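Trainee: I am new to this structure. Please take a close look at the salt bridges for me, and go through them one at a time.

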Amino acid sequence: MRTASIFLALFIILDGAIVYNVQKRMDALKSGASISQSLPYIPDGRYLKQVSLGQDSLLADLIWLRAIQVMGTRNITRNEAEWLYHAVSTATDLDPKFYYMTELGGIYLTSVANSHKLSIKLLKKGYENNPGRWEFPFFIGFNYFFYLKDFKQAAYYMGIGARLPGKPPYLPFLASRLYAQAGDPRYGLELTEAIYENTKNERVRQDLQRRMKELQVEINLDALQNEVNAYKNRFGRYPASVQELLAAGFIKAVPVDRLGGKYIINPKTGEVSNTKIARRLRIYRKGVIYPKGK
Amino acid sequence: MKVYAIAINTFKEVIRDKIFYSLVFFALLLLGASVLLSTLTLGERSKIIEDLSLSGIEIFGVIISIFVGIGLVNKELEKKTIYIIISKPIKRWQFLLGKYLGLSLVLLSYVAVMTACYMFFLYMYTNKLPWQTLMAVLLIYVELLVVTASAVLFSTFSTPTLSASYALALYVIGHMTGDLRGLAAKTGQAGARAVLNFIYYFLPNLEDFNIKARTVHAMPIPLDYLLMSISYGLMYVMAILSLSVLIFQRRNFK
């Protein structure tokens, strides 16, 4: 009886070793089908939620874990990007408050997978589910600005983000800067004023005040530039100074610069500039997006 | 010879069982439904019938393996017939092996009947016989053998209800162990990788037996893959049964 048991136990160990080796060989045979290449089919999140028996949050985690495995691959194909969008979007449906996942999915889609439209779609979904999170409009705006070069949309979304709690202090400045670049400094001024009203921190208020003045200069510069161009159309040359514009009746008064600078016109190129502000409010592709603003 | 007698007896016993008949009835119903369902599709009618039939054969086979498998030992205990058997000159391993082989025989006839029906339906409606799906059926049978063995193992030390849950859980886990291996490959910690790999090789990998989709799409199945998965299944069954015998030998019947 005892020897039989020992014999049986030995047999199990031996047999287990064989099972192990066979499985190893089969895995080798099956290799090539790595985890990222076998993108599992994921049904629509709305239906999945109904059949998840209340385990929707866990299901979202599982899909997310699977998606992360795909994110680990270096060269992501268009197909994989679309699968990834679908996976994260489904997981978002299952667990709408899992905002970190949606956010990271959105960032990944745009920065690694080069799928900006999908990224925006996903981030918008995340924002709908989490209207209080500034990150979503921020990254949507970033997508529009950096990849799609749609400054108006970028400014619009950055503006939404700038009004939300918890936003980083530079966001309002970035948004107003974007409005300036998009040719809408007026919106930028409105936005900055709105944020100024809601800000208590004195240091930030000072910065905002300065930014409002800069935006006013920007609005004036735009207006003057229009008149200079009209002047050129009528007289065939650029005016040499703002006073010349005034004398010709193009403007009713010389705009007062609250920053204490003067508006000057380059008679050769017709470019209007301000003596106090060396460069106009612009965000450059290279260099820092964070506005120095001082 | 004693094993053979018990096996034949078990076979007769299960074949007469009402549960077995109702399960086969539902499985056949599913096969019929696959024909109905296939009328909804555009083109590729045979694919719907093949998919639904193969899955139906497997799922109902698993249900039979588990629910009849756990009853093999437990029924004898409940009805106290085990006393009559073990008082005879029969070793316990012979008893267990006989029971297992009996049920395997039942499953074999079940799979054979179902496959014949499925082939018949398919021939009636599409006028072709997909011989390559027989390979999938073969591996389904091997998978059923593994599931039955696990049901027998659990029933040697646990109550019927718990055994059924364990066996069902093992079936589900067995189809997901591939993820463990993927996880082991991704993890950076050597300790975690060793643990994950151990679990992966320890649990039965039932996905090895899943070539349904490949045969339905008439993709080639390498012969060595087929042989290896069959031997994997049989070896695994032997290990489980040996463990069951080890446990069953120590069991006291009150």
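Mentor: Start with Arg133(A) and Glu135(A), which form a salt bridge in this predicted model. Their closest N and O atoms are 3.1 Å apart. Arg133(A) has a relative accessible area of 26% and is therefore partly exposed, because that label covers values between 20% and 50%. Glu135(A) stands at 11% relative accessibility, so Glu135(A) counts as buried. This pair thus joins a partly exposed arginine to a buried glutamate.

Next, go to chain B. There the side chains of Glu13(B) and Lys99(B) meet in a salt bridge, with 3.7 Å from N to O. Glu13(B) belongs to helix H1 of chain B, residues 2–15, while Lys99(B) belongs to helix H5 of that chain, residues 92–126, so the salt bridge ties together parts that are 86 residues apart in sequence. Glu13(B) is partly exposed, because its relative accessibility is 33%. Lys99(B) is buried, because its relative accessibility is 3%. A further residue is involved here: Glu76(B) is joined with Glu13(B) and Lys99(B) into one network by salt bridges that share partners.

Over all chains, the structure holds 10 salt bridges. One of them links Asp27(A) with Arg181(B), where the closest N and O atoms are 3.5 Å apart. That pair crosses between chains: Asp27(A) sits in helix H1 of chain A, residues 2–30, and Arg181(B) sits in helix H8 of chain B, residues 177–186. Asp27(A) counts as buried because its relative accessibility is 4%. Arg181(B), with a relative accessible area of 35%, is therefore partly exposed.

The cross-chain pair leads to the contact between the chains. How many salt bridges are there between chain A and chain B? The count is 1, and the pair just described, Arg181(B) with Asp27(A), forms such a bridge. Polar contacts are counted separately, and between chain A and chain B there are 7 residue pairs of that kind, with both residues at pLDDT 80 or more. On the side of chain A that touches chain B, H1 and H3 of chain A each supply at least two residues. H1(A) gives the most to that side, with 17 residues. Asp27(A) lies in this same helix H1 of chain A.

As for the extent of the contact, 21 residues of chain A and 25 residues of chain B take part. About 2,200 Å² is buried between chain A and chain B, and carbon and sulfur atoms give 68% of that area. Within chain A, the residues that lose the most area to chain B are Val19(A), Gln23(A) and Met26(A), which together make up 22% of what that side buries.

Helix H3 of chain A came up above as a supplier of residues to the contact, and Leu65(A) lies in this helix, which covers residues 56–71. Leu65(A) is partly exposed because its relative accessibility is 46%. Leu65(A) also helps to make a nonpolar surface patch of about 350 Å², along with Leu58(A), Leu62(A) and Ile68(A).

To return to the bridges themselves, each of the three pairs has a buried partner: Glu135(A) in one, Lys99(B) in another, and Asp27(A) in the pair that crosses between chains.

Methods. Residues are numbered from 1 along each chain as its sequence is written. Chains are lettered from A and ligands numbered from 1 in the order in which they are written. This is a predicted model: local features need pLDDT of at least 70, side-chain atom pairs count only at pLDDT 80 or more; totals for chains, interfaces and linings use all residues. Side-chain values use heavy atoms; hydrogens and water are left out. Patches are made of residues with over 30% relative accessible area and no salt bridge: like charges are joined within 9 Å, nonpolar side chains (Val, Leu, Ile, Met, Phe, Trp, Tyr) within 5 Å. Accessible areas come from the Shrake-Rupley method with a 1.4 Å probe; for residues, only the protein chains shown count as cover. A salt bridge is a side-chain nitrogen of Lys or Arg within 4 Å of a carboxyl oxygen of Asp or Glu. Helices (H or I, at least four residues) and strands (E, at least two) are DSSP runs, numbered from the N terminus. Buried means under 20% relative accessible area, exposed over 50%, partly exposed in between (1.4 Å probe, protein chains only). Contact means heavy atoms within 4.5 Å. Buried area is the accessible area (1.4 Å probe) that two parts lose on being put together, summed over both. A polar contact is a pair of N or O atoms within 3.5 Å; within protein, one must be able to donate a hydrogen and the other to accept it, and residues adjacent in sequence count only if both atoms are side-chain atoms.
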